[in-house]
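These are my notebook entries on one structure, written down in the order in which I looked things up.

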Amino acid sequence: MGTGRRPLVAGNWKMNGLRAHLALVGEVRAGYDPGLARSVDLLVCPPATLLHAVAEAARGSGIAVGGQDAHPLAAGAFTGDLSAEMLADAGASHVILGHSERREGHAETDALVREKAFAAIRAGLVPVICVGETLAEREGGRAIAVVTGQIRGSVPDDARPDRTVVAYEPVWAIGTGRTPTVADVAEMHAAIRAELAARMGGGAEDVRILYGGSVKPGNARELLAVENVDGALVGGASLVAADFLAIARAADRS
Ligand code: PEP
């Protein structure tokens, strides 16, 4: 963890959650005690249908709320899409962009992710820009080249470092229970930091780079101790308050 960057632990609920599950926010809020809140930032990204309700449930707690995708444009004839402005209006301060489930399932390119990140900045949201290699790319020795290429293609030139989050999520580690070695995570996060520095200069030190992919209470401490790992993007474990909070506590360096 570099100096000056507060750890951020973000929960990606994906397509999970009905109003009946809003108690989860109350449970996370109850466990986000002042000691933890002093040193670790929390972000909850529910499905868009719950954004407003989650924002209300989190109000005054210091827990930030985010969307999971945004259209590049502010408004228009785009049935089923949501703009960054709409997410902000519903109470979001952040938005996950370019998650591998969208890159793969919705054919999102780096160029589109970059447009979406522009939109997030326009709407005053912090983009959480996801990158990560497939298993074939890692096994082919191309992981670093693929991910640094995604950074070049997806992160807007004018992104403000202290309001930009990058999440490194190896595609093969998401929801599989598999994680890269600590050495592989360290190598990748250093490469991402170097790529950001080539774009942003010294300001790149302020970008928070999260690790994501099968983070659980049992492996969080080891992963979060790696240099340049500034927090975690958590999928499955973010749906269990005790697990999400345990991961947040593992990020606490105070
Ligand atoms: C994710 O989808 O962002 C993720 C990291 O999922 P999981 O923690 O379930 O692997």
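Before I start on the strands, I need a rule for pairing: two strands pair if DSSP finds at least two bridges between them. I also note that this is a predicted model.

**Entry 1: β3 and β4**

I applied the rule to β3 and β4. They pair in the parallel sense over two bridges. In this pairing, Gly66 stands opposite His94 in β4. I then followed strand β4, residues 94-97, to see where its side chains go. His94 and Ile96 point one way, while Val95 and Leu97 point the other way. I marked all of these residues as buried. My textbook note fits here: in a regular strand the side chains alternate between the two faces of the sheet.

**Entry 2: the whole sheet**

How many strands does the closed barrel have, and in what sense do they pair? I wrote down eight strands with parallel pairing, in the order β1-β2-β3-β4-β5-β6-β7-β8. Neighbouring strands of this sheet are turned by 25° against each other on average, direction ignored.

I wanted to see where the barrel closes. Strand β1, residues 8-12, is joined to strand β8, residues 231-234, by four bridges. These two strands run parallel. Across this pair I found Leu8 opposite Gly231 in β8.

**Entry 3: β6 and its neighbours**

Next I took strand β6, residues 165-168. On one side I looked at strand β5, residues 126-131, which pairs with β6 in the parallel sense over four bridges. Val128 has Val165 in β6 as its bridge partner. On the other pairing, β6 goes with strand β7, residues 208-212, again in the parallel sense and over four bridges. There Val165 stands opposite Arg208 in β7. I therefore have Val165 listed with a partner in β5 and with one in β7.

Which residues of β6 point which way? Val165 and Ala167 point one way, and Val166 and Tyr168 point the other way. I marked all of them as buried.

**Entry 4: the ligand**

I counted the residues that surround the ligand and got 14. The closest are Lys14, His99, Glu169, Gly175 and Ser214. By type, the shell divides into four nonpolar, eight polar and two charged residues.

Which backbone atoms come up against oxygen atoms of the ligand? I listed these distances:

- A polar backbone atom of Gly175 is 2.6 Å from an oxygen atom of the ligand.
- For a polar backbone atom of Ser214, the distance to a ligand oxygen is 2.7 Å.
- A backbone N or O atom of Gly236 lies 2.9 Å from an oxygen atom of the ligand.

I then checked how much of the ligand is covered. Taken alone it exposes 290 Å², and the protein buries 97% of that.

**Entry 5: two residues from the ligand list**

I went back to Lys14 and Ser214 to look at their backbones. Lys14 sits in the loop between β1 and α1. Its phi is positive, about 55°, although Lys14 is not a glycine. Ser214 is in the loop between β7 and α10. Ser214 also is not a glycine, and its phi is positive at about 60°. Is Ser214 buried or exposed? Ser214 counts as buried because its relative accessibility is 8%, and the cut-off for buried is under 20%.

**Entry 6: Asn219**

I found Asn219 in helix α10, residues 217-224. Asn219 has 17% relative accessibility and so counts as buried. A polar atom of the Asn219 side chain lies 2.8 Å from the backbone nitrogen of Lys216.

**Entry 7: two more serines**

Ser61 is in the loop between α3 and β3. With 16% relative accessibility, Ser61 counts as buried. I checked its separation from Val95: the two are 34 residues apart along the chain, and their C-alpha atoms are separated by 19 Å.

Ser254 lies in the segment after α11. Why do I call Ser254 exposed? Its relative accessible area is 79%, and exposed means over 50%. The side chain of Ser254 makes a polar contact with the side chain of Asp252 at 2.6 Å. The Ser254 side chain makes another with the side chain of Ser39, at 3.5 Å. I also compared Ser254 with Val40: they are 214 residues apart in sequence and 9.2 Å apart in space, C-alpha to C-alpha.

Notes:
Residues numbered from 1 in each chain as written. Predicted model: local features only at pLDDT ≥ 70, side-chain atom pairs only at ≥ 80, totals over all residues. Heavy atoms only, no water. Near = heavy atom within 4 Å. Polar contact = N/O pair within 3.5 Å; in protein donor to acceptor, adjacent residues only side chain to side chain. Areas by Shrake-Rupley, 256 points an atom, 1.4 Å probe, with all protein chains shown as cover. Nonpolar A, V, L, I, M, F, W, Y, C, P; charged D, E, K, R; others polar. Axes fitted to C-alpha atoms, helices over the stretch in contact; angles between N-to-C directions. Buried < 20%, exposed > 50% of the residue type's maximum accessible area, 1.4 Å probe, protein only.
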